[in-house]
Structures are given as structure tokens and as C-alpha cells.
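Student: Could you take me through one part of this model closely, with enough of the surrounding fold to place it? I would like a connected account rather than a list.

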Amino acid sequence: MVSAVSTSDLNLDLCAQEPIRIPGSIQPHGSLVVVDPSSRRIVQASANARALLGTGRSSAVLGLSLSELVGETAERQINAWLANPDSSYLRTLDINGQRLQVLGHQTAQGIILEFEQPPASEGETLEAYYPRVGRFMEDLPVHENIAELCSAAAREFRQISGFNRILIYRFDEQWNGEVLAEDGDGVLPSYAGLRFPASDIPTQARELYRLNRLRVIPDANYTPVPIEPPLDPGGAPLDLSFAALRSVSPVHLQYMRNMGTLASMSISVLVDGKLWGLVSCHNASPRRVNAQARTACDLLGQVLSQHIGARERGAYAAKRIDLKRVESELLTKIAASDSFQSGLGTHANTWLKIAGAAGAAVLHDDLLFTAGVTPAPDRLRALTEKLQSEGADSFVTDRLGQQWPEFADIVDVASGVLAISISQLHPSYIFWFRPEVERTVLWAGDPGEAKQIENERLHPRNSFTSWKELVKGRALPWSQAEIDGALDFRSAIINFVLRRAEERAELTSQLQRSNRELESFSYSVSHDLRAPFRHIVGYTQLLRDREQSLSAQSLHYLDSINEAAASAGQLVDDLLSFSQLGRTALSVLPVDMQKVVQEIVRSVEPDVRGRQIEWRIQPLPPTTGDAALLRQALYNLVDNALKYSRDRSPAIVEIRGEQLASECVYTVRDNGVGFDMAYAHKLFGVFQRLHRMEDFAGTGIGLALTHRIIERHGGWIEARGAVDEGAEFRFGIPHKGASVDG
């Protein structure tokens with residue numbers, strides 16, 4: 001607790017830890033008492049209260065009633081305020097034979113009354129300041145921007161307060177103060193265009209500025225007057241946050257003296273409840289400002305705050321409207337694209353305008369699209385992984401290299417990053433980038449020496465001489481309108497993705513219905529055609545056996561009919577198998593693939609008798625699935641290999657398998673005629689052929705059936721080949737049937 005002791009006796013901690021709300025003392029140009037709201041008696045008072053108030057008593061004022069302290073007339077006026085209290089009280093009253101300005105406010109610890117003698121220069125009442133404030137308000141529309149508005153306000157503040165210099169500055173996102181306007185009489189040096197480091201005003205002081213708009217220090221060399229007793233009846237120090245006489249930090253007083261300022265007044269500029277900036281009034285010599293002038297300055301500060309807020313909200317709204325127009329244009333173009341990623345890439349210039357960026361990128365479903373100037377793909381993926389690990393739903397910075405040093409290598413193109421997540425499950429982000437912009441910043445003194453600690457004492461800086469800093473690794477900051485516009489765009493993109501997903505789901509449902517209908521139709525037709533084709537084959541054989549006198553030509557016709565009917569019957573059988581595959585549930589069991597291959601080799605031996613076949617069968621790992629269907633799939637691949645290698649001697653058929661962590665992979669390879677990889681996408685379609693039917697007989701369904709079987713087991717299949725160099729088919733079956741359909 002700070003009492004009436006000299007600065008040199010204080011063992012100071014950091015400013016952020018000083019008890020600035022409960023200093024335990026006041027400034028000596030007034031006195032203060034705390035009145036118990038129930039008994040109306042004085043429970044605490046400043047040590048100078050008796051002398052200033054002229055009670056005529058030799059004892060302290062503690063324990064006196066309010067009436068005994070100020071007189072009955074003044075008490076009645078104060079009680080009238082207490083009966084219907086405003087937020088604060090300000091009156092000039094006759095108290096014990098003298099005119100005193102009385103300020104009052106109520107707290108949980110009691111009624112705090114402050115008493116000041118009007119300064120010798122007192123000559124204007126509060127009403128006298130209204131015309132000046134009124135003219136200022138009338139002239140506000142002529143000021144085109146905030147800087148002009150602040151310049152006009154600085155002139156008004158100096159006329160009302162009489163201080164040597166008025167500074168109006170705003171805080172940036174790091175709480176450094178930038179001087180926007182200055183008005184002075186030349187007594188104090190100019191700080192126009194300079195910046196003050198954030199450390200000049202600690203966090204708790206800024207919060208107090210937000211709560212209490214006005215602070216006055218008439219003399220930086222004052223000796224604090226202690227509060228007696230130091231603790232209230234409840235045992236707590238007195239909170240003076242809203243007291244005009246509150247004593248300030250000794251460090252700040254030294255700061256003022258170092259600046260050559262012996263008197264100051266600060267008015268907070270609040271925009272939407274947040275501390276936007278300060279009006280700082282400085283005087284080279286001690287100066288008192290009466291309560292009416294302070295109130296006029298407070299009113300002027302509120303008018304300035306409201307108009308700055310209105311200007312910023314207007315600028316924000318105009319920017320948002322402009323960005324919304326760009327967003328609508330882009331979304332219209334994206335809607336006509338195959339995907340939102342390709343839509344962004346195709347309309348790069350519009351995409352960049354969404355956030356006023358020099359580069360942009362989108363990473364979604366492992367697809368990367370970029371526009372403008374961006375980091376390399378590997379650095380983009382690394383940045384995405386970093387954001388994902390941080391759990392960042394959105395990320396905004398204009399100093400990426402300083403915030404995340406591991407990305408210092410890309411600050412030339414990505415010092416500024418605005419990123420929004422478009423998936424809660426996967427590392428998917430839309431990025432906008434801004435390059436590094438080197439610039440010179442003028443400070444009021446070296447910000448690196450803003451605070452100095454010597455012999456365990458904290459000392460404010462001594463120098464306020466203009467100091468240049470070359471700022472690197474920084475991009476132009478993102479405006480709130482641009483950030484909000486990007487977040488809105490994220491919602492639009494997510495809605496677009498969801499809408500496309502719904503459309504795909506509806507198409508999938510329609511396709512499933514169509515497939516079921518086609519399967520049912522195929523099954524019916526195939527089933528009904530089997531008998532007629534078998535009858536044709538049977539009757540042609542009977543006719544051949546019965547009619548012995550048929551000519552050679554007639555016998556040739558019968559053989560042609562028989563072959564055509566048999567081929568058509570085989571096609572019907574294959575179609576029936578294909579259609580039944582989608583209607584039959586899988587019987588999932590362990591399958592010995594080595595045994596399956598041995599059975600297949602034995603079954604094809606009659607068909608290849610007389611051919612020179614070289615079987616190269618390696619050990620095959622077992623798998624899990626429907627044994628009959630897997631046998632059919634493998635049989636089709638082996639049959640395919642034998643068919644297309646019939647002109648080779650020897651024909652080589654290689655069958656091998658390997659067991660991986662999540663699946664078993666099987667390969668069937670031959671040395672036959674092969675195929676052109678340009679047509680590989682046609683291999684697994686129904687009735688698709690890469691060779692003439694006259695050269696290689698078949699129904700064109702075998703590979704489609706194999707693909708369907710593997711697909712139903714949750715696996716995959718691929719083909720590789722080259723003309724006259726053979727073909728290779730590989731398929732994978734997941735372990736334990738985890739992805740098996742059925």
C-alpha cells in the first residue's frame with residue numbers, strides 16, 4: 001500500500017503489479033471522505049480533510065456526521081442526490097464558509113465525496129462550455145476522415161483546458177500508441193506522427209482508462225496524502241478507481257518529469273466499449289483544471305468517441321458491402337464449376353479480392369489449388385499441419401515469422417496469413433497471403449528501452465527523442481471487415497460442399513434404385529433366356545442324330561446354330577451371375593487362397609491340354625471373404641491370362657500374393673498380347689473389349705464380374721500392361737472383412 005512517502009523510498013515491482021486501484025492515498029489539491037450510507041458518518045478520510053474543509057474542530061473528521069462535516073445546507077443537497085442518485089455528482093457548494101466543488105460517487109465500500117477548491121483562474125461555469133462543444137458537434141460532418149476529426153478535437157481540448165500540448169492517439173493491435181493529431185503552443189516539443197510503446201501504459205492501467213474516462217494530475221511533484229485509516233471497516237483497502245483525486249503510480253510521475261511535463265489530463269476514447277485511444281493533455285508547469293472544464297472535456301471526449309465509432313462502423317459496413325459483392329460474384333462462378341476448389345483456381349483474381357491478398361490457396365481432400373504468389377506446396381502442407389495441431393478454426397497474423405519462427409523462410413510471400421478451416425475432421429483450409437512490407441516507424445524514444453530496472457527498482461525511460469525503426473517480417477494488417485468477410489465466405493463454402501454432398505447423395509440413391517431395377521430386369525431376362533438357348537442346342541443335336549442324309553452344307557448350318565446358341569447361353573449364364581452378385585449376401589469366412597488356386601489350375605487343365613503352359617505359383621497368404629466369389633474372381637483372371645497368351649510357347653502364368661498390414665494383395669500376370677494402357681479404364685466395364693471377338697472369344701463380362709466381386713469385398717483392383725508384353729492384374733482384400741459389403 002502506498003502512503004505519503006517519497007518515490008526514492010519505494011522498492012517497486014513491475015508496473016503491471018502495482019496496486020493502482022488501491023493506492024491508499026490521493027493527490028493533495030483536494031480532500032476525500034468516505035461516508036457510511038446507513039449512519040451517514042465519516043468512516044475514512046484523507047489526512048488533509050480537516051484542514052481543507054475548515055470544520056473548526058481540532059480533532060480529525062473521522063466519526064463526524066455528514067451534517068457536522070459540510071453543514072446542513074450542503075447535506076440537504078447531497079442527500080437529494082443520494083435519494084435519486086445519478087452515476088456521479090458534481091456541484092459547487094458553500095461549505096463552512098467557502099465555495100468548494102464537490103464530486104460524489106457510490107461504491108460498495110461507501111459514498112465517496114471529493115472536495116476541491118476552484119483554481120484561482122476559475123471564471124467559467126459548465127454552461128459556458130456548451131456553446132463551444134455545440135459548435136464542434138455542428139462542424140463534425142465537414143471533417144472527411146478520422147485524422148481531420150481528431151485534429152479539430154485537439155484544438156477544442158486545448159482551448160477548453162488551457163494545456164500547452166494536446167495529443168490524440170489510437171492504439172494498434174499490440175497496444176502501441178500512434179499519434180494522429182496534435183495541437184500545441186510551442187512550449188513543449190512536438191510528437192506528431194510518433195508512436196509510444198505499449199509498455200508506457202500497462203494492462204491494468206488501460207483497463208482503468210476503460211472504466212474511468214478521465215484522469216487529472218495537476219502537479220507531477222506532489223506529495224501523496226494518505227487515507228486514514230488505510231482499511232475500511234470491513235478490513236479492505238479503499239478502491240479509488242473512480243475517484244478524480246486518486247493518487248497515481250510513482251513510476252508514472254517520474255515518466256511525466258522525464259517527458260518535461262508537470263501537469264497532465266487524460267480523456268479516454270472508447271469505441272463500442274473498448275479503449276480505442278487517448279486524449280493526452282500536457283503542461284510544462286503545474287496546472288489545475290476546474291471540475292466544470294474537466295466535465296466539458298469529458299463530454300467532448302464522448303462526442304469524439306461516438307463519431308470515431310460511427311466513422312469506423314461506416315467504413316466497416318462499406319468495406320463489408322464491397323467484399324460481399326465480390327463474394328457473391330465468386331460463389332456464382334463456383335456454382336458452375338465441378339468443385340469449389342477448381343472454381344477458386346479458375347477465378348483466381350476474384351478469389352484474391354475476397355481478402356485483398358497477393359496469394360491464396362485451398363487444401364481440401366488432399367487437393368491443392370493456388371492463386372497468385374504463395375509458398376511452395378510442401379510449406380503450405382506444413383502450415384496446414386501446424387494449424388491442425390493447434391486446433392485452429394481460424395488464424396490471422398501479419399507477422400507469421402515472429403509468431404511461428406519455423407516459417408520464417410516464407411515471410412517474403414506470407415508474412416500475412418488469413419486462414420479458415422472448412423472441415424472439423426480433416427486438415428482442410430482456405431488461405432490468403434500477404435507479403436512482407438518493409439517500412440520505417442518513428443517512435444518517441446527507443447521502444448526497447450521503455451522500462452529499465454536498476455537496483456531492483458523500475459525506472460521509466462528518460463529519452464523521448466524521435467527514434468527510427470526499420471520494421472521487417474510484417475505484412476499490411478488484415479482489417480476486421482476482411483477477417484469477417486473470410487469467415488462468411490467459409491460458411492458459404494461449407495454450405496456449397498454440403499449442398500453438393502446432398503446432391504451426390506440423391507444421385508447415389510437414384511442410381512441405387514436404378515441399379516436394383518436393372519439387376520432385377522437382368523436377372524429375369526437372363527433366367528428366362530437360359531431354357532430357350534438350351535432347347536436350341538438340344539434340338540440341333542437331336543436333328544443331327546436323327547437325319548443321317550443331311551448334306552455337308554446342312555450339317556455346317558446345324559453346327560453354326562449350335563455354336564451360336566451355346567455362346568449365347570454362356571453369355572446369359574454370365575449375365576445371370578453378374579446380376580445375382582448384387583442380390584446375394586456374402587458368406588464371409590477364412591479362405592485358403594493357395595487351395596483355391598490349385599483347384600482353378602486343375603479345372604482348366606482339360607481346356608489347355610496340348611498347350612505348353614509354365615505355371616509360376618508362389619505361396620499365397622490366406623484371406624477372409626466369400627470363398628465361392630473369390631474363386632470366381634481369381635478363375636476369371638487366370639482364364640483371361642490363358643486366353644490372351646495362347647499364341648505364346650510357353651505361355652507363362654504367374655500367380656503370387658503378399659500380406660500387408662491392412663490387406664492381402666494378389667497378382668496374376670501373363671506374357672500374352674497385353675494391351676495399351678491408354679484404354680485401361682475400359683477393362684472392367686460390361687461388354688468392353690480391347691481385342692476383336694474374332695481373335696479372342698468371350699462374353700466381355702468376366703473382368704466386370706471380377707471387379708464387382710472385389711468391390712463388394714471392400715477391396716480394389718488394377719491392371720497394367722503393354723502391347724505384346726503381357727498383362728498384370730492386382731487386387732487387394734482388406735483383413736478380417738472389415739470393409740466387406742453384405
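**A five-stranded sheet and its setting**

Tutor: In this predicted model, 45% of the 742 residues of the chain count as buried. The chain holds 18 helices and 29 strands, and among its contacts with a separation of 6 or more, 67% are between residues 24 or more positions apart.

The part to look at closely is an open sheet of five strands, which follow one another in the order β15-β14-β18-β17-β16 with antiparallel pairing. At its edges lie β15, residues 367–372, and β16, residues 394–397, each of which pairs on one side only. From one strand to its neighbour in this sheet, the turn averages 10 degrees when direction is ignored. At the β16 edge, the partner is β17, residues 416–421, and these two strands run antiparallel and are joined by four bridges; in one of the pairings between residues, Thr-397 has Val-417 of β17 as its bridge partner.

The sheet also has a helix lying across it: α11, residues 377–390, lies across β14 (359–364), β15, β16, β17 and β18 (429–434). Relative to β18, helix α11 runs at about 115 degrees.

Elsewhere in the chain, a pair of helices offers another packing arrangement to examine. Helix α16, residues 593–604, and helix α17, residues 627–644, have axes that come within 10 Å and cross at roughly 45 degrees. Angles from 35 up to 65 degrees fall outside the parallel and perpendicular classes, and α16 and α17 are therefore oblique to each other. The crossing in which α16 passes α17 is right-handed. On the α16 side, the residues that meet α17 are Met-593, Val-596, Val-597, Glu-599, Ile-600, Ser-603 and Val-604, and their counterparts in α17 are Leu-630, Arg-631, Leu-634, Tyr-635, Val-638 and Leu-642.

The cysteines complete the picture. A disulfide is a covalent bond between the sulfur atoms of two cysteines, and a search of the whole structure finds zero disulfides. Cys-281, for example, is in no disulfide, since its nearest cysteine sulfur, that of Cys-297, is 5.9 Å away, whereas a disulfide requires the two sulfur atoms to be within 2.5 Å. Cys-281 counts as buried because its relative accessibility is 0%, and Cys-150 is buried because its relative accessibility is 0%, the cut-off for a buried residue being under 20%.

Definitions and conventions: Residues are numbered from 1 along each chain as its sequence is written. This is a predicted model: local features need pLDDT of at least 70, side-chain atom pairs count only at pLDDT 80 or more; totals for chains, interfaces and linings use all residues. Side-chain values use heavy atoms; hydrogens and water are left out. Buried means under 20% relative accessible area, exposed over 50%, partly exposed in between (1.4 Å probe, protein chains only). Two strands pair if DSSP finds at least two bridges between them. Axes are lines fitted to C-alpha atoms, for helices over the stretch in contact, and angles run from 0 to 180 degrees between N-to-C directions. Contact means heavy atoms within 4.5 Å. Angles under 35 degrees count as roughly parallel, over 145 as roughly antiparallel, 65 to 115 as roughly perpendicular and the rest as oblique. A crossing is left-handed if the near helix is turned anticlockwise from the far one by less than a right angle, and right-handed if clockwise.
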